[in-house]
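Below is a briefing on a single protein chain. The points cover aromatic pairs, salt bridges, a strand pair and model confidence.

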Amino acid sequence: MADSKKRRMSMLDNLSGAGTAPPAGTMMSSNRALRSARDAVDAHNVWDLDPAQIDDDRLADRLDPSDVQDLRTSIEQNGQTVPILVRRHPSEADRYLLVYGRRRLEAIKGSERTGRIRALIANLDDTAALKAQVSENTGRRDLSYIERALFAHELLESQFGNQTQIAEVLNVTRSAVSMAIALAKAIDPALARAIGPAHGVGRPRWEALAKDMSAAGSDQALLCSIAESARSQGAFEAGETNDEIPALDASVVAFEAVSKHVKRQISQKRERPRVNKAVALTIDGKPAGSAKRADGAIRLDLTNVDDGFALWLADQAQSIVSDLHDRWKRDA
């Protein structure tokens, strides 16, 4: 076999060795999926395709897609060294579905200097394409726990298969998939995206966060805001580091900020005394009624007030309660 052909046939295998080495136990399955994709490549040719012909309808498996500007600049200056992998569209001629290489595809689609993209074309069904996508990502950098959990849940919701089939694709046990899906149901996807992949934060800490959020009755929209703010600050501080100071993982900073806020809510909830006695209310210095708190309820009695004020208060009750609840959330 000619050396050039051997190099093309091993191209997909080489991708699995790029970047950080995958954890023990995943290399064999990653190589197997990539070898299967390699074997399905049409004649092992590298094709120059129009990027507009390629659709990306895959399930997202990453929470933190990196900016492609640097990659676009590199491709424009040095060319595209590693082809992407596509498969033929099942119903539309001259169209393709992306298997992997999203950042390269986005970089070239947005380039004014590079009009074609180098691609390998494989004959893969949905399952084989999904396995190749996951394996190629594992070869570059393993998915974080929350990314795997959300991906497993999305696979289940999209009716890709049952938990056993999903476990096979992700190369984990069925029980691991079951626990991951349970976590994904407890963590709002918007909050997960706001925090980011948080590499190094494993299942126990994510499960603890979900449990604490439930105990605190946390507003996930507020937690999203906290995560986004902390992540922006973490990214800024990472940019300010030098070679002697390790850069911070901004998504881990965001996770820690959310976790601390929720624990603080629980602490305040435990420390807040139960007040069941009536609190006297006045209007213009004159007695006007009382407010009394009971478990899970509050009773407001107003007496000796103007009829006009009483009617206005009844009409505005929902708005007033909403405003007070918003103030309480901000102060919590």
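**Aromatic pairs, charge pairs and confidence**

Phe 309 and Trp 312 sit about one helical turn from each other, because they are three residues apart in helix H14 (residues 307-331). Helices (H or I, at least four residues) and strands (E, at least two) are DSSP runs, numbered from the N terminus. The model is predicted: local features need pLDDT of at least 70, side-chain atom pairs count only at pLDDT 80 or more, and totals for chains, interfaces and linings use all residues. Residues are numbered from 1 along each chain as its sequence is written, and side-chain values use heavy atoms, with hydrogens and water left out.

**Aromatic pairs**

- The structure holds two aromatic pairs. Rings of Phe, Tyr and Trp (its six-membered ring) pair if their centres lie within 6.5 Å; planes under 30 degrees apart count as stacked, over 60 as edge-to-face and the rest as tilted.
- Trp 206 and Phe 255 make an edge-to-face pair, at 4.8 Å centre to centre with 70° between the planes.
- This pair links distant parts of the chain, with Trp 206 in helix H11 and Phe 255 in helix H13 (residues 250-271), 49 residues apart.
- Trp 206 and Phe 255 are both buried. Buried means under 20% relative accessible area, exposed over 50%, and partly exposed in between (1.4 Å probe, protein chains only).
- Phe 309 and Trp 312 form a stacked pair, 6.2 Å centre to centre with 20° between the planes.
- Phe 309 is partly exposed at a relative accessible area of 32%, and Trp 312 is partly exposed at 46%.

**Salt bridges**

- Side chains of opposite charge can pair when their charged atoms come close.
- A salt bridge is a side-chain nitrogen of Lys or Arg within 4 Å of a carboxyl oxygen of Asp or Glu. By this rule the count is seven.
- One of them joins Asp 55 to Arg 95, at 2.7 Å from N to O. Asp 55 lies in strand S2 (residues 54-55) and Arg 95 in the loop between strand S3 (84-88) and strand S4 (96-100), 40 residues apart, so the pair links distant parts of the chain.
- Glu 92 also meets Arg 95 in a salt bridge, at 3.9 Å from N to O.
- The relative accessible area is 26% for Asp 55, 21% for Arg 95 and 39% for Glu 92, and each of these values counts as partly exposed.
- Glu 256 forms a salt bridge with Arg 205, with the closest N and O atoms 2.6 Å apart. Glu 256 is in helix H13 and Arg 205 in helix H11, 51 residues apart, and this pair too links distant parts of the chain.
- Glu 256 is partly exposed at 27% relative accessible area, as is Arg 205 at 36%.
- Asp 55, Glu 92 and Arg 95 are joined into one network by salt bridges that share partners.

**Strands S7 and S8**

- Strand S7 (residues 286-294) runs antiparallel to S8, and six bridges join them. Two strands pair if DSSP finds at least two bridges between them.
- Arg 293 has Ile 298 in S8 as its bridge partner.
- Strand S8 (residues 297-302) is hardly covered, as zero of its six residues are buried.

**Confidence**

- The protein chain has a mean pLDDT of 77, and 74% of its residues reach 70 or more. The pLDDT is the predictor's confidence in each residue, from 0 to 100.
- Among the elements of the chain, helix H2 (residues 11-15) has the lowest mean pLDDT, 36, and helix H11 (residues 203-216) the highest, 93.
- The pLDDT is below 50 over residues 1-30, a stretch with 42 contacts beyond near neighbours in sequence in the model. Contact means heavy atoms within 4.5 Å.
- Over residues 238-247 the pLDDT is also below 50, and this stretch has four such contacts in the model.
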